[in-house]
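Thanks, everyone. Please put the next model up on the screen, and I will talk through it.

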Amino acid sequence: MKRRDLLGAAAALATGATTVAVLGGKPDNKTTQAVSTPGIPNIGKNRRQFRLVTSWPKDFPGLGIMANRLAEFVGTMTEGRIEIKVYSAGELVGATEVFDAVSTGAADMYHSAEYYWQGKAKGFSFFTAVPMGMTATEISGWVNFGGGQELWDKLSGRFNLKPFHAGNTGHQMGGWFKKEINSLEDFKGLKMRIPGIGGEVVRRLGGAAVRLSGGEIYQALQSGAIDAAEWVGPWNDYAFGLYREAPYYYGPGFQEPGAAIGLGVNLDVWNSLSPNDQVIFKAACHMVNDLSIGEYTHENGKALEILKREHNIIPRTFPDDVLEKIGRTSEAVVAEIGNSNAETRAIYDSYLKARNSYRTWTEISDGAYIAARTAALK
Ligand code: CA
């Protein structure tokens with residue numbers, strides 16, 4: 001954890017302690033406020049308040065808004081009976097401390113990306129995104145219908161958590177480069193901001209993977225500390241101004257073909273909810289997930305138009321031989337991780353079975369249709 005995160009967390013913890021003291025610290029003592037809330041019926045002790053800690057800056061476009069929406073939907077669907085307070089990264093705990101906070105009960109739920117927890121269990125990566133893995137619609141197929149949720153429940157259950165998907169960024173981009181990528185040679189010695197398993201793929205191509213948080217990327221490109229960086233896609237990338245320092249924009253985002261965002265609920269909290277409230281939580285997660293896919297599509301389209309029209313950015317596709325090598329390397333790296341132990345292997349086997357089952361359908365439906373539309377509209 002960085003020093004400023006520590007400081008932020010300490011300050012926020014102090015504030016949190018005050019809040020708990022004011023409210024009395026026990027769930028039953030929190031009921032008094034509900035009685036006097038205009039428009040909300042007197043529902044007494046059924047009223048609950050939960051702390052949702054996130055890995056995102058406050059109201060961050062896309063990711064932060066997903067968490068806000070989840071709180072809003074649950075609040076509205078329970079007519080204010082369940083109130084979720086959203087904390088941005090560093091407000092209560094740091095961005096990467098949300099897992100432990102919820103696991104131990106210091107907070108009630110987190111909104112984050114499961115691949116941040118690969119240091120705790122390698123299997124978590126498969127529930128966000130892996131290189132050459134599933135798209136947003138495919139991972140929904142696996143988790144909701146292909147046995148993914150059951151494996152995820154088992155994995156997270158080991159940490160006293162109940163997990164759900166609550167958001168997806170859709171396809172990401174390969175990244176911003178200071179120089180053109182014409183061959184595999186261009187990856188040799190390339191210093192690129194790319195986290196996780198994608199970073200390992202870049203290392204095996206001869207580059208150096210650098211870990212930086214989103215807010216640090218622009219400065220690192222500007223100072224020359226890095227030669228390239230991936231972040232998300234046109235919407236979030238444009239907001240950081242990455243095009244100004246590294247004008248060659250390559251896709252596709254082999255490293256994150258549809259990053260699924262997770263909600264982790266403390267298992268004791270989850271088990272304390274009535275079946276009705278559990279369905280409300282699930283419904284809110286699905287609503288957030290669905291809206292995020294639409295929102296990323298809409299906003300990415302808009303941002304790309306601006307990048308092209310006002311900043312002369314021409315999105316490019318990695319050369320075929322580069323993509324082929326990236327693909328083969330990705331498969332090898334993911335297989336190594338997937339086979340690292342019995343728990344991860346069970347998840348990897350299920351994931352791979354689903355991806356290989358869906359890929360033919362995706363190729364002859366989405367893939368073929370997009371190719372046909374592209375040709376027709378040339
Ligand atoms: Ca990314």
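I will go through the metal site, then the sheet, then one pair of helices.

A word on the source before anything else: this is a predicted model.

Start with the calcium ion. Which residues coordinate it? The donors are OE1 of Gln172, two OE atoms of Glu230, the backbone O of Trp231 and an OE of Glu256, at 2.2 to 2.8 Å. Along the sequence, the spacing of these donor residues reads Q-x57-E-W-x24-E. The two glutamates bring distant parts of the chain together: they are 26 residues apart. Glu230 lies in the loop between β8 (228–229) and α9 (234–240), while Glu256 lies in the loop between β9 (248–251) and β10 (260–266).

Are these glutamates buried or exposed? The cut-off for buried is under 20% relative accessible area. Glu230 has a relative accessible area of 1%, so it is buried. Glu256 comes out at 4%, so it is buried as well.

Next, the sheet. It is open, with five strands in the order β2-β1-β3-β10-β4, and the pairing is mixed. At the edges are β2 (82–87) and β4 (161–168), each of which pairs on one side only. On average, neighbouring strands in this sheet are turned by 25° against each other, with direction ignored.

Take the β2 side. Strand β1, residues 48–54, runs parallel to β2, and six bridges join them. One of the residues to look at is Arg48, whose bridge partner in β2 is Ile82.

Now the β4 side. Here β4 and β10 are antiparallel, again with six bridges. In this pairing, Pro163 stands opposite Gly264 of β10. How enclosed is β4 by the rest of the structure? Eight of its eight residues are buried, so β4 is largely enclosed. That is an edge strand of the sheet, pairing on one side only.

Last, the helices. The axes of α7, residues 196–204, and α12, residues 320–338, come within 9 Å of each other and cross at roughly 125°. What does that angle make them? Angles over 145 degrees would count as roughly antiparallel and 65 to 115 as roughly perpendicular, so this pair falls under oblique. The crossing is right-handed. On the α7 side, the contact is made by Ile197, Glu200, Val201 and Arg204. On the α12 side, the contact residues include Ile326, Thr329, Val333 and Ile337.

That is what I have; questions are welcome.

Terms used. Residues are numbered from 1 along each chain as its sequence is written. This is a predicted model: local features need pLDDT of at least 70, side-chain atom pairs count only at pLDDT 80 or more; totals for chains, interfaces and linings use all residues. Side-chain values use heavy atoms; hydrogens and water are left out. Donors are N, O and S atoms within 2.8 Å of the metal (3.2 Å for Na, K and Ca); water is not among the atoms, so sites may look incomplete. Helices (H or I, at least four residues) and strands (E, at least two) are DSSP runs, numbered from the N terminus. Buried means under 20% relative accessible area, exposed over 50%, partly exposed in between (1.4 Å probe, protein chains only). Two strands pair if DSSP finds at least two bridges between them. Axes are lines fitted to C-alpha atoms, for helices over the stretch in contact, and angles run from 0 to 180 degrees between N-to-C directions. Angles under 35 degrees count as roughly parallel, over 145 as roughly antiparallel, 65 to 115 as roughly perpendicular and the rest as oblique. A crossing is left-handed if the near helix is turned anticlockwise from the far one by less than a right angle, and right-handed if clockwise. Contact means heavy atoms within 4.5 Å.
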